[in-house]
Amino acid sequence: MAANCEECVFYDYDPETDTNFCTVDLDEDEMERFLRGATAQCPFYRRGDDYATARRQ
C-alpha cells in the first residue's frame with residue numbers, strides 16, 4: 001500500500017480554507033492508531049482517478 005496522500009482519492013481540497021485534507025471518516029479506534037503512528041501506511045489509500053477528479057470540478 002502506498003502512503004502518498006496527494007494521489008489518494010480521499011485527499012480533497014477546501015477552497016474556503018485553502019487547505020487539503022483527508023475525507024476518510026475514522027472511528028475512534030482508527031483515529032487513535034493514526035495519531036499514535038501505529039500504522040506504517042494508510043489502510044484507506046486508494047489511487048485517485050484523475051478524470052473523476054476533473055469531473056467533480
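# A walk through a β-β-α-α chain

Glutamate 32 has a relative accessible area of 37% and is therefore partly exposed (buried stands for under 20% relative accessible area, exposed for over 50%, and partly exposed for what lies in between, with a 1.4 Å probe and protein chains only). The model is a predicted one, in which local features need pLDDT of at least 70 and side-chain atom pairs count only at pLDDT 80 or more, whereas totals for chains, interfaces and linings use all residues. Residues are numbered from 1 along each chain as its sequence is written, and side-chain values use heavy atoms, with hydrogens and water left out.

Glutamate 32 joins arginine 36 in a salt bridge between their side chains, at 2.4 Å from N to O (the term requires a side-chain nitrogen of Lys or Arg within 4 Å of a carboxyl oxygen of Asp or Glu). Both residues belong to helix α1, and because they are four residues apart in it, about one helical turn separates them. Arginine 36 itself is exposed, its relative accessible area being 55%.

Helix α1 also carries leucine 35, which is exposed at a relative accessible area of 66%. Together with Met31 and Phe34, Leu35 makes a nonpolar surface patch of about 340 Å². Patches are built from residues with over 30% relative accessible area and no salt bridge, like charges being joined within 9 Å and nonpolar side chains (Val, Leu, Ile, Met, Phe, Trp, Tyr) within 5 Å; the areas come from the Shrake-Rupley method with a 1.4 Å probe, and for residues only the protein chains shown count as cover.

The wider framework of the chain consists of two helices and two strands, which follow one another along the sequence in the pattern β-β-α-α. These elements are DSSP runs numbered from the N terminus, with helices (H or I) of at least four residues and strands (E) of at least two.

In the strand region, β1 pairs with β2 (residues 19–22) in the antiparallel sense, over four bridges (two strands count as paired if DSSP finds at least two bridges between them). Tyrosine 13 has asparagine 20 of β2 as its bridge partner, while aspartate 14 is matched with threonine 19, also in β2. The two strands form a hairpin with four residues between them, and aspartate 18 lies in this loop between β1 and β2. The phi of aspartate 18 is near 55°, a positive value in a residue other than glycine. For context, most residues other than glycine have a negative phi. Aspartate 18 is also exposed, with a relative accessible area of 54%.

How many salt bridges does the count come to? The count is two, and beside the pair in α1 there is one between the side chains of arginine 47 and glutamate 7, at 2.8 Å from N to O. This pair links distant parts of the chain, 40 residues apart, with arginine 47 in the loop between α1 (28–36) and α2 (50–56) and glutamate 7 in the segment before β1 (11–14). Arginine 47 is exposed at a relative accessible area of 58%, whereas glutamate 7, with 36%, is partly exposed.

Turning to the cysteines, the structure holds zero disulfides (a disulfide being a pair of cysteine sulfur atoms within 2.5 Å). Cysteine 22 is in no disulfide, and the nearest cysteine sulfur, that of cysteine 42, is 6.0 Å away. Cysteine 42 is likewise in no disulfide, its nearest cysteine sulfur being that of cysteine 22 at 6.0 Å. Cysteine 22 is partly exposed with a relative accessible area of 48%, and cysteine 42 is partly exposed with one of 31%. Cysteine 42 lies in the loop between α1 and α2; from cysteine 5 it is 37 residues away in sequence and 8.8 Å away in space, C-alpha to C-alpha.

Some totals complete the picture. Of the 57 residues of the chain, 5% count as buried. The accessible surface of the chain comes to about 5000 Å², and carbon and sulfur atoms hold 50% of it. Among contacts with a separation of 6 or more, 51% are between residues 24 or more positions apart, where contact means heavy atoms within 4.5 Å.
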